[in-house]
Amino acid sequence: MVDVDTPPRFSRLPEPLVGALRELARTPRLLVALDFDGTLAPEVDEPDRARALPEARAAVLRLLGMPRTRVALVSGRSLASLEHVSQLPDHALLIGSHGIEIRLDDPADHLSLNTAELKRVDLLHEVLAEVADSIDQVWLEPKPAGFALHTRLATEHNSRVAHLVARSEAAAELDDLTVRNGKNVLEFSVRSTTKGEAIEHLREYTRASAVFFAGDDVTDEDGFAALGADDLGLKAGEGSTLANYRVKGPTEIARALSLLADLREGDVHEQ
Ligand SMILES: O=P(O)(O)OC[C@H]1O[C@H](O[C@H]2O[C@H](CO)[C@@H](O)[C@H](O)[C@H]2O)[C@H](O)[C@@H](O)[C@@H]1O
């Protein structure tokens with residue numbers, strides 16, 4: 001930890017992270033890519049009610065206003081849900097459904113599933129709805145290319161049963177499904193795109209010289225795996241990770257983003 005003379009935003013963040021943020025802020029073209037739930041927004045029981053912490057939101061808005069700096073949210077949520085909970089201006093880049101849905105600067109870019117995929121989504125719905133309907137406090141969140149089976153409010157036993165049954169029933173009816181474990185959620189998709197591919201796409205699109213990516217969940221590991229030597233990966237919370245730095249949770253992520261905004265502001269105004 002840094003010493004008492006350090007300004008408040010620098011304190012309580014690990015010193016190596018502060019150094020890495022300082023270095024990153026000097027990069028010519030910065031891409032700030034952020035997971036939403038569990039990273040910008042603390043977890044809540046109703047996904048629709050999740051919101052970024054005020055300090056995180058303020059930092060994101062500052063970064064969005066800076067030259068040579070782009071901000072992207074890279075989420076497992078559907079794009080519509082991500083737009084609803086994040087409420088960011090149009091020049092924020094949004095990636096939904098773990099990389100399947102993309103909203104860049106051209107609003108004409110839309111996800112279109114082919115007929116075979118649409119049929120698979122329908123069949124998947126039949127299978128998973130039956131599981132959700134039969135187990136207390138288990139519910140389905142629809143997405144364009146699949147579903148999230150939520151078990152947050154279910155008992156541990158019911159949650160385990162729901163995951164097992166949903167996995168096996170879905171596999172019996174549909175081959176080549178993408179199934180992802182998340183926090184109190186099991187996600188099924190008819191497409192296999194990952195957050196890693198999304199970050200690669202964003203890196204190319206923004207011509208970023210370095211990327212900051214923060215995430216908290218298992219699916220964010222694909223994003224961390226896509227980072228290189230000049231990038232910075234920041235994991236929120238516990239669990240094994242490929243990220244090179246870790247903080248406790250959304251409060252510290254917000255603090256790191258505020259610091260990055262301060263440092264970047266200084267750098268872009270110096271030039
Ligand atoms: O990639 P993310 O932005 O982290 O999205 C992952 C999933 O987030 C949402 O579910 C999670 O957050 C909910 C609200 O805090 C919580 O109730 C749930 O238990 C978590 O799994 C969202 O509903 C999913 O669609 C996202 O894939």
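In this predicted model, a good place to start is the contact between helices H4 and H5, where Leu123, Leu124, Val127, Leu128 and Val131 of H4 meet Ala162, Val165, Ala166, Glu169, Ala170 and Glu173 of H5. Sorted by class, the residues of this contact comprise nine nonpolar, no polar and two charged. Two packed helices are described by the angle between their axes and the distance between the axes. Here the axes of H4, which spans residues 115–134, and H5, which spans residues 156–173, come within 9 Å and cross at roughly 150°. Because angles over 145 degrees count as roughly antiparallel, H4 is roughly antiparallel to H5. The crossing in which H4 passes H5 is right-handed.

Stepping back to the whole chain, a division into two domains is found: domain 1 is made of 15–110 together with 194–270, and domain 2 covers 115–189. The centres of domain 1 and domain 2, taken over C-alpha atoms, are separated by 27 Å. Where the two domains touch, 13 residues come from domain 1 and 12 residues from domain 2. The side of domain 1 that touches domain 2 can be broken down by class into three nonpolar, six polar and four charged residues.

The ligand brings the two domains into one picture. Domain 1 and domain 2 both give residues to the shell around the ligand, so the ligand lies between them. Of the 22 residues around the ligand, those that come nearest are Phe36, Asp37, Pro47, Ser75 and Gly76. Two strands also take part: strand E6, running over 146–150, and strand E8, running over 185–189, each supply at least two residues of the shell. By class, the shell around the ligand holds six nonpolar, six polar and 10 charged residues.

Taken together, the model offers three places to look at in turn. One is the contact of H4 with H5, with its nine nonpolar and two charged residues. Another is the contact between the domains, with 13 residues from domain 1 and 12 residues from domain 2. The last is the shell around the ligand, to which both domains give residues.

Terms used. Residues are numbered from 1 along each chain as its sequence is written. This is a predicted model: local features need pLDDT of at least 70, side-chain atom pairs count only at pLDDT 80 or more; totals for chains, interfaces and linings use all residues. A residue is near a molecule or strand if its C-beta atom, placed from the backbone, lies within 6 Å of it. Helices (H or I, at least four residues) and strands (E, at least two) are DSSP runs, numbered from the N terminus. Ala, Val, Leu, Ile, Met, Phe, Trp, Tyr, Cys and Pro count as nonpolar, Asp, Glu, Lys and Arg as charged, and the others, Gly among them, as polar. Domain bounds come from an automatic or database domain assignment. Axes are lines fitted to C-alpha atoms, for helices over the stretch in contact, and angles run from 0 to 180 degrees between N-to-C directions. Angles under 35 degrees count as roughly parallel, over 145 as roughly antiparallel, 65 to 115 as roughly perpendicular and the rest as oblique. A crossing is left-handed if the near helix is turned anticlockwise from the far one by less than a right angle, and right-handed if clockwise. Two residues are in contact if their C-beta atoms, placed from the backbone, lie within 7 Å.
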